[in-house]
Amino acid sequence: MIRAPHRARQSLKVVAAASLVALLAGACQADSAGIFPPSPVTEQGVLTQDLYRFVFAIATAIFLLVEGLIVWAVLRYRRRDDRLPVQTHGNLIAEAAWTVIPALIVIVLFVMSMQAQGKIEAKSAAPDVVVDVVGFQWQWTIGYGCPDSYDSATNVQPGQDCDFALTGAGKQGPDLHVPTGQTIRFRLHSADVIHAFYVPRFLYKKDVIPGRVNSFDVVVEQPGTYAGQCAELCGIGHAGMFLSLTAEDRGAYDAWYAAQVEGAKQTPAPTQAGAFTINLSATTAAGFDQTAVSAPADTPLAIVFQNKDQTVQHNVTVLNAGPDGGSAAGQPNAQPGQTVTYAVPPLKAGTYTYICSIHPNMTGTLTVQ
Amino acid sequence: MATTALSPRVGAYPRSRVYEWLTTTDHKKIGIMYITSAYLFFLVGGLMALAIRTELAAPGTQFLNPDIYNQAFTMHGTTMIFFFVMPMLAGFANYIVPLQIGAADMAFPRINALSFWIIPFSGLLLFSSFALGGAAAGGWTSYTPLSEAKYAGTGQDLWLAGLLLNGVSSILGAINLLATIFKLRAPGMTMLRLPIFVWTVLVTSVLLIFAVPVLASGLVMLFIDRNYGGAFFDPAAGGDTVLWQHVFWFFGHPEVYILILPAFGIISEVLPVFSRKPLFGYKAFVLATVSIGVLGFGVWAHHMFTTGAVFLPFFSITTFLISVPTGVKMFNWIATMWRGKLRFTTAMLFAVGFLASFLIGGLDGAFSASTPIDFALQDTYWIVSHLHYVLFGGSAFAIMAATYYWFPKMTGRFLDERLGKVHFAIMFVGTHLTFFPMHLLGISGMPRRIQDYAPNAGWQDLNVLATFGSYLIGFAILVLLWNIFATLRGPRTAGDDPWDANTLEWATTSPPPAYNFDRLPEIRSERPLFDLKHGGAGHAPALPSGEGSQP
Amino acid sequence: MTATTDVLTADHPAELAQGHGDRGINTALLGMLLFISSEIMFFAGLFAAYFSVRARYGSHWPALPEGVEFNINPLVIVATLILLSSSGVIQWGLGRIRKGDRRGLNRAFALTMLMGLAFLAFQATDYVLLANEGISLNGSIFGSLFFTMTGFHGAHVLGGVIGIGIILSRGMTGQFSARNHVAVEAVSAYWHFVDVVWIFLFLTLYVLR
Ligand code: HEA
Ligand code: HEA
Ligand code: CUA
Ligand SMILES: [Cu+2]
């Protein structure tokens, strides 16, 4: 018969111990990751955190018990001689116990989950602030003060019909503001595929599904700025669908809101006279209609961009255009069907790359002579 | 002997070895081909996993751009589930089930060959997408509308076609196994004397027959959407996108039990043999297996808690409840070892490793059963951790145990036990180093299926740890490959019953003849060989009193 | 370790080939029934899709483009009756061969085959009619569902007709007898299944809508 040589067993133990230490070290070293979720910032998140701690305690107890039994059996009942052990085939009482006790445990967990769920999913009759979130490949548009029809309208483009709308550019997502201590309703719409609205510090996420409007209420208690990210695979830009959420007291929020409304009213700066015009368009997020254009050097440029894509917004951003290496234009985004003119300052001779900062795969070359 | 007439393959004239294998209908050869091809797919899927891990070791794009990255995890998940674990377990079932029930072959040997040969072809179809403009990139779940024609290319069609074919193979295989188990049992092999592995294969086959066709209907609908202008899942044309998720998960959840039940069966064979005790609570085990199978059809929407489109309490309670029969198994396994005489062969080590790892994965699942907690964890690395703890720490560990356990039967040779232990130790450590940190990443908010993360998110250390762990796993697999290679070149070392085992496959030669058995021992319990060796004297009732089917 | 085969007590080589085979249902028939179960689940998937979409539309069903209407082809009643009675005919044929009546079997199967073909002919006219009304696989969710469900059913009818044809040609050469007619049993079971699916299709697509 085969038996492990003593040395092999010895080294096994060493390896096992070493790995445990490594794991624990890894768990403790990490800057922000731990065995509990990051501290929640919403009223609802606190409930989730409490529930998590409770389930964690029970799971840890079961874990220790079962792993303990396994280790005990392994150490204690190693073969020492060749006699046949007693052939036990079962024990009704023991088996009933380990059926009934786990059943009771899970029923308790279920009841507690449902109680928490009831509060977390509760909807206020009159939320203080309603924020509309539109996910599209691969950015968010956030609408404030949008009409009630958005409650059920599935294909929305927050714009003129709302007080104002926010978008981000590239991986820099939009910067939402919400007041603390008040009920905020998020209404979620998708312009194309499924996304998920996820702010980790909420300990909550909800899918953003085309053809449906999902919504949820939260009360943010902790002021601060929190990162959010799309959590449902939505294509190649999925990893870059960020947003940032700032919770502040109602006064600061109102001031911010007023400034945004003011900003939305401003018309974009007129293009400089005598600018050289470049016409570009796009029908899908696959690319621009032209991937190579040219322009004279040291002349102001006007890029007239026609967004023929009926589903998502795009823009034209010229990379490395500024003297400091920064990119030019790119804002505002052109809504589906809209035409936007971007003013680009005079460029030195050379080749430049233009992209849609929302869809960095849409690229082209601008040759300046 | 009259029995030679039963051999389907006693050629009167010599044929080449290759031809013999290509045309065989012998369940043992087919089983070995299943297992071999599944291992090959495992290497391919594993290399993709290593590529994924390497990309994730640091923020930014190292060497998989987002497009390739999405293809990589989609194909990794698809390959591992449909072309590694499923065919692997089908292979072991093919080889072992007829032997364990004392049959000469499967009920439909030619259909058996067909089921096998579909696998490599459907695999090639799936993988040809890499050469034809890129593989599917919508995840192994291929959620619509991302997988619709508007957003996904030819790779998605090949994915649909590959899985459809793969499904045909699974259904035919399941029918075959069921007919074999129902009709070809040797005299005395009553249902309640079937080895537990056979029971788990039985329940798995029923699940396959009920679940896979539903996936097939979804695949067909998506194919029509993509190629013939159908409107099933396209909200713009009046369809319903969430419908795909229902169809997929109605299949998908039973599927995960399809991936684990035969693994439970393997563990239930290995533990008793190396504890020298019968499986504790045989009937409870059968009952637990059946109830997992039944409950498994009522939990699918726990994958859809965050869609806001499903009735949460129902799917939460059923998901919680499914822990109970699984727990029964866990405790019965431990009770099997209790007061036994444990021999730590490599197979046994993997079985114990399975218990230790699967437990973690199962408890992770119980967190997700709680809807509020799942709202936080869904689509984060916590889920990735859960699924690998159950699939890798669970199914793959059981597959390793089965490999070491049945290799002597299949080849007449022991795999080297010393290398085996090295393999186990490295793989065990690697598994936990890879997948444990993912819990922490998940709760701190790292979404799954992302190719990149912000440098200031604080996720890098744990990712490096996971990547390091995955390299360890890779190294362990190389040790296994070397072990197999070296063993096959070496001499025959194993006798007919090298482990002092209990079930009928050990009552014939290693490897068994084409017709499997010359003679069969009398079958009076689920351990006929044990009864034979220990004479029943003193242990006369091989089943405890109350086990109804005594002769 | 001594080879255990030396000390085996029982010797049942004859039973080995068949196991419990002589008792209960025939293996091939069992295989067919299991196959039918999986087919039922395939159609169940399609039906589930239908009802889940249907539920979202309430009274706005069938959901069709502006101006397009779903008019029921009156022939559907006839076709349904034909298919239903063909089940009776095939069962009668099965009964005949169980009693050893080969001619009865052949006649019944020839008739069933004709009835199946008649049903397929109806389906062809139905499709032409719908196409003229402007309903097709693409363009509307109702069209997608209708054509997918009836299309797959039609394909199964065709498969059944081919199966019946094979039985018929074998039957003509006298290959079946009262003791040996598993294939006949299997094909009849399959035909009944095709028939039952149609009853559900008829009820959901034409009657209840
Ligand atoms: C082998 C495969 C396998 C197995 C066996 C399981 C087992 C379980 N799974 Fe898992 N699961 C997957 C494979 C599997 N899963 C995969 C692949 C996914 C991801 C799919 C994707 O999105 O890509 C997934 C995702 C998944 C989700 C969705 C997560 C999300 O996306 O938000 C959920 C939610 O409830 C879940 C739950 C469970 C539960 C409760 C079990 C239970 O069966 C576990 C039961 C076991 C135990 C609990 C341990 C032993 C029990 C005891 C010791 C008794 C005492 C215990 C208690 C009282 C709790 N799983
Ligand atoms: C049975 C199923 C199974 C198995 C065994 C594995 C095994 C592994 N998986 Fe996988 N995984 C899934 C099923 C599985 N996975 C599924 C379903 C998903 C979800 C996909 C989706 O989101 O759609 C997933 C997703 C997934 C992700 C998440 C990707 C993402 O969300 O962005 C990661 C990341 O680390 C990962 C890693 C690994 C690793 C490191 C292994 C390792 O254990 C692999 C070990 C194997 C090897 C290392 C191979 C060794 C071979 C060699 C070293 C030698 C080769 C030599 C020759 C070819 C000659 N897996
Ligand atoms: Cu949007 Cu992922
Ligand atoms: Cu599940």
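**Surroundings of ligand 1 and the copper ion**

In this predicted model, ligand 1 is surrounded by 31 residues, and the closest of them are Trp140(B), Tyr257(B), Asp374(B), Gln378(B) and His386(B). Ligand 1 is placed between chains A and B, and elements of both chains help to form its shell, since helix H3 (92-120) of chain A as well as H7, helix H10 (323-337), helix H11 (346-369) and helix H13 (381-411) of chain B each provide at least two of the shell residues. Of the contributors to this shell, H11(B) gives the most, with seven residues. When the shell around ligand 1 is sorted by class, 18 of its residues are nonpolar, eleven are polar and two are charged.

Oxygen atoms of ligand 1 also take part in polar pairs with chain B. An N or O atom in the side chain of Tyr257(B), a residue listed among the closest to ligand 1, is found 2.6 Å from an oxygen atom of the ligand. A polar atom in the side chain of Arg448(B) is 2.8 Å from an oxygen atom of ligand 1, whereas Ser368(B) approaches through its backbone, with an N or O atom 3.4 Å from an oxygen atom of the ligand.

The copper ion (ligand 4) is located 4.5 Å from the iron atom of ligand 1. Its protein donors are three histidine atoms of chain B, namely ND1 of His253(B), NE2 of His302(B) and NE2 of His303(B), which lie 1.8 to 2.1 Å from the copper ion. Along the sequence, the donor residues follow the spacing H-x48-H-H. Distant parts of the chain are thereby linked, with His253(B) in helix H7 (residues 241-275) of chain B and His303(B), 50 residues apart from it, in the loop between helix H8 (282-295) and helix H9 (312-321) of chain B. These two donors also differ in burial: His253(B) counts as buried because its relative accessible area is 4%, which is under 20%, while His303(B) counts as partly exposed because its value of 23% falls between the limits of 20% and 50%.

Chain A, which supplies helix H3 to the shell around ligand 1, contains four helices and 18 strands. Of the 369 residues in chain A, 49% are buried. Among the contacts in chain A with a separation of 6 or more, 68% are between residues that are 24 or more positions apart. The accessible surface of chain A amounts to about 16,600 Å², and carbon and sulfur atoms account for 58% of that surface.

Note on methods. Residues numbered from 1 in each chain as written. Chains lettered and ligands numbered in written order. Predicted model: local features only at pLDDT ≥ 70, side-chain atom pairs only at ≥ 80, totals over all residues. Heavy atoms only, no water. Donors = N, O, S within 2.8 Å, 3.2 Å for Na, K, Ca; no water. Buried < 20%, exposed > 50% of the residue type's maximum accessible area, 1.4 Å probe, protein only. Contact = heavy atoms within 4.5 Å. Areas by Shrake-Rupley, 256 points an atom, 1.4 Å probe, with all protein chains shown as cover. Near = heavy atom within 4 Å. Polar contact = N/O pair within 3.5 Å; in protein donor to acceptor, adjacent residues only side chain to side chain. Nonpolar A, V, L, I, M, F, W, Y, C, P; charged D, E, K, R; others polar.
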